[in-house]
Amino acid sequence: MKATRYVPAVALHAVMLVLVALTAAPIVYVISTAFKPLDELFLYPPRFFVMKPTLRNFTDLLIATDSLLVPFTRYLFNSVFITVVAVAGTVVICAMGAFIISRYKLPGSGLLFAVIVAALMFSPQVTQIPTYFVISGLHMVNTYWALILPKLAVPYSFFLMKQFMDQLPEPMLEAARTDGANEWTTFWRIVMPVVKPAWMTVVIFTFIADWNDYFSPLIYTTSETMKTLPLALAGISNGAVGRMGAAAAGAFVSIVPTIVLFMILQRQVMDTMAHSGIKS
């Protein structure tokens, strides 16, 4: 009887291990490929793990980036600047909008939220053409605005923040107002600390999406000085067999910031996923 009682738990852990392995496999493969010598990169049948690790690919990456039209640091600066500004703007705009719709119940707020939820059904590629016309009409092509503004109001981030703010107890907000706090102070001193897991999750998701964004710089920029790191790394190999190792090292370098950020903030993500659907 005792043995049969542990069977469901063992089966559950086995399934979870399989899912973890399938999820981690692409990341492990990218890391392994970055350290493969050139002969292992073209080995057939291909092998998942590296047999003779080497740092030559990273040396080739530095050599390849030296031959770019602009300094490599320019691509890095563009990616960091665009990502940081877009993440900060997304958190502030989505948090403020979600707080207003969640707590004030203004006329038409229900319809507005329904439109935002409906926007979740559309792929970003579907809205690229009208967005490009707007950016072009505002003469923002080849500017940082073109790479930042379309990323600020994200329906998923707005939806996540609202679901979390719906759980805020009204007595807590009333107590803050009774103590003399205005709406601005209540939002920044009371609301934002309480919903920290939610906006930390928005930070992670937004950072990953914006840092790895390849499509937007390809569409909205023609100047080499405005291109970002993913676009620069994608053009390193240029189909040359000798630079495939540099391309593998570039892929590894591009995923390191997202992995580090997720490891730092993973507890906040878990708290958000656990509580975002619970009503107080």
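Contact here means heavy atoms within 4.5 Å. The model is predicted, and residue numbers run from 1 along the chain.

**Stop one: Pro230.** Select Pro230, which sits in helix α13 (residues 229–234). Its relative accessibility is 16%, so Pro230 counts as buried, the cut-off being under 20%. Apart from neighbours within four places in sequence, Pro230 is in contact with Ser79, Trp211, Asn212, Asp213 and Tyr214. Now add Gly250: 20 residues separate Pro230 and Gly250 along the chain, and their C-alpha atoms are 8.8 Å apart.

**Stop two: the nonpolar cores.** Select Met161, Met165, Phe187, Val191 and Val195. In the largest nonpolar core, which has 42 residues, these five touch the most other members. At least two residues of this core come from each of α3 (56–66), α4, α5 (109–119), α8 (155–165), α10 (183–194), α11 (196–211), α13 and α14 (244–275). Helix α4 gives the most, with 8 residues. For a closer look, centre on Met161. Leaving out neighbours within four places in sequence, Met161 is in contact with Cys94, Ala95, Ala98, Val195, Ala198, Trp199 and Val202. A second core, separate from this one, has 8 residues, including Ile135, Ala146, Leu147 and Tyr220.

**Stop three: helix α4.** Select residues 72–104, the 33 residues of helix α4. How far apart should the ends of α4 be at 1.5 Å a residue? The expected span is 48 Å, and the end C-alpha atoms are 48 Å apart, which agrees. Step on to Lys105, just after α4, where phi is positive at about 50 degrees.

**Stop four: the loop between α6 and α7.** Helix α6 covers 128–137 and α7 covers 144–148, and His139 is found in the loop between them. The phi of His139 is near 60 degrees, a positive value in a residue other than glycine. With a relative accessible area of 71%, His139 is exposed. Asn142 lies in the loop between α6 and α7 as well. Asn142 is not a glycine either, yet its phi is positive, at about 65 degrees. Is Asn142 buried, partly exposed or exposed? Its relative accessible area is 25%, so Asn142 is partly exposed.

**Stop five: a surface patch.** Finish by selecting Leu12, Val15, Met16, Val18, Leu19 and Leu22. They form a nonpolar patch on the surface, and together have about 580 Å² of accessible area. Leu22 belongs to helix α1 (residues 2–34). Because its relative accessibility is 60%, Leu22 counts as exposed, the cut-off being over 50%.

Terms used. Predicted model: local features only at pLDDT ≥ 70, side-chain atom pairs only at ≥ 80, totals over all residues. Heavy atoms only, no water. Patch = residues over 30% accessible without salt bridge, like charges linked within 9 Å, V, L, I, M, F, W, Y side chains within 5 Å. Areas by Shrake-Rupley, 256 points an atom, 1.4 Å probe, with all protein chains shown as cover. Salt bridge = Lys/Arg side-chain N within 4 Å of Asp/Glu carboxyl O. Helix = DSSP H or I, 4+ residues; strand = E, 2+ residues; numbered from the N terminus. Buried < 20%, exposed > 50% of the residue type's maximum accessible area, 1.4 Å probe, protein only. Expected span 1.5 Å × (residues − 1). Core = buried A, V, L, I, M, F, W, Y, C linked by side-chain atoms within 4.5 Å.
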